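This report introduces one structure to a new reader. Please view the sequence and the model together before reading on.

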Amino acid sequence: MSRFFTTKLSALKPYTPGEQPQDMQYVKLNTNESPYPPSPKALAYARDAASSLMLYPDPEYKVLCAKIAEVLGVQADQVVVGNGSDEILDFAFAAFCEKGAVYPDTSYGFYPVFACMNGVSGTEIPVGDDLSLNPADYAGAGKTVFIANPNAPSGVALSLSDIETIVRSNPDSVVVIDEAYVDFGAVSAVPLTKKYDNLLVVQTFSKSRSLAGARFGFGIGSPELISDLNRIRFSKNPYNVSRTTAAAALGALEDEDITRENCRKIMETRRRTAERLKAMGFTGPESSTNFLFIKHPEIDGKELYLKLKERGVLVRHFDKERIAAYNRVTIGTDEQMEIFITTVSAILEEMK
Ligand code: PMP
């Protein structure tokens, strides 16, 4: 730290993103990207938009917001766009957390980082031993609630009625439901945004829509919440989504059948992979996401991660005591999962 760094942020521990190694080609199952390419329209629209890159984008992203609204069944003034859903989460920490924030102790690692960056006092609520969230722990929290549904890295989803209970029991605080993985088997809370003015739902194009590299996410809430978030957005970076990204996102939304088909394939591969892992002695919670969170009684989580990496298979291990036994494995193509299973079998065999 230089002597110039602000003391206000001296305690800041930055988020550690998953490895993006450039040294060799891995079977990359560590950052929950889609194994399938972006839709043809997403690519074509991005290519077309590239010829206008000398111009700033529309800071109101009117066309894109209208399309998101149409696809999700809300009004255009209920949509705010972000440079990844991370940015929307950051805006929410900046806008709504005067009384502090609460989030599960085992969840998305960016929540405490955004809390610190925005001078918000954050409180972690322990998840159960089975890594599930108890909705009652968030009832009447009196602070802004951040819940990933389904949660990461556990993959566990709450029901819509549990989400509604949390929203209803916090009428004077915003409840942020981070639906990064919702398209892989959970139920979205977007329809509830018409009923509750304290609900903000955040989604991303990084997973089900195969656009992690484009960086695009959005938030849906009451027009008033969205106007507050836009106030923050226009105060930080009115052109937060590039022309090419906005175009790619629009293209992806016009190819919704491709998104649905990719999600179906990923869920099917997940089902098959989970069955095989179970037969090999792995355990872990039921996943409603594009990853599995698994542990094995005969091998330590970190050891398995390192042995897989040596053999060219990358998964995500978290050096956090509560979950150190586990690895998070992104669902890739059937071919990638075959390599993963074969490699894990060989490692377990060697240990005998
Ligand atoms: N929320 C959760 C729970 C995530 O796992 C991720 C992906 N790391 C994000 C939000 C952010 O996704 P992005 O910024 O790529 O939209």
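Does Cys-65 count as buried or exposed? Cys-65 counts as buried because its relative accessibility is 8%, where buried means under 20% relative accessible area, exposed over 50% and partly exposed in between (1.4 Å probe, protein chains only). Cys-263 is likewise buried, at 5% relative accessibility. The structure holds 0 disulfides, a disulfide being a pair of cysteine sulfur atoms within 2.5 Å.

The model is predicted: local features need pLDDT of at least 70, side-chain atom pairs count only at pLDDT 80 or more, and totals for chains, interfaces and linings use all residues. Residues are numbered from 1 along each chain as its sequence is written, and side-chain values use heavy atoms, leaving out hydrogens and water.

The residues around the ligand (a heavy atom within 4 Å of it) include Gly-84, Asp-86, Tyr-108, Asp-178 and Arg-215. This shell divides into 3 nonpolar, 4 polar and 4 charged residues, with Ala, Val, Leu, Ile, Met, Phe, Trp, Tyr, Cys and Pro counted as nonpolar, Asp, Glu, Lys and Arg as charged, and the others, Gly among them, as polar.

The table gives polar contacts of the ligand, that is, pairs of N or O atoms within 3.5 Å.

| Residue | Protein atom | Distance to a ligand oxygen atom |
|---|---|---|
| Ser-85 | polar backbone atom | 2.7 Å |
| Thr-204 | polar side-chain atom | 2.5 Å |
| Ser-206 | side-chain N or O atom | 2.6 Å |

On its own, the ligand has 400 Å² of accessible area, of which the protein covers 91% (Shrake-Rupley method, 1.4 Å probe).

Definitions and conventions: Polar contact = N/O pair within 3.5 Å; in protein donor to acceptor, adjacent residues only side chain to side chain.
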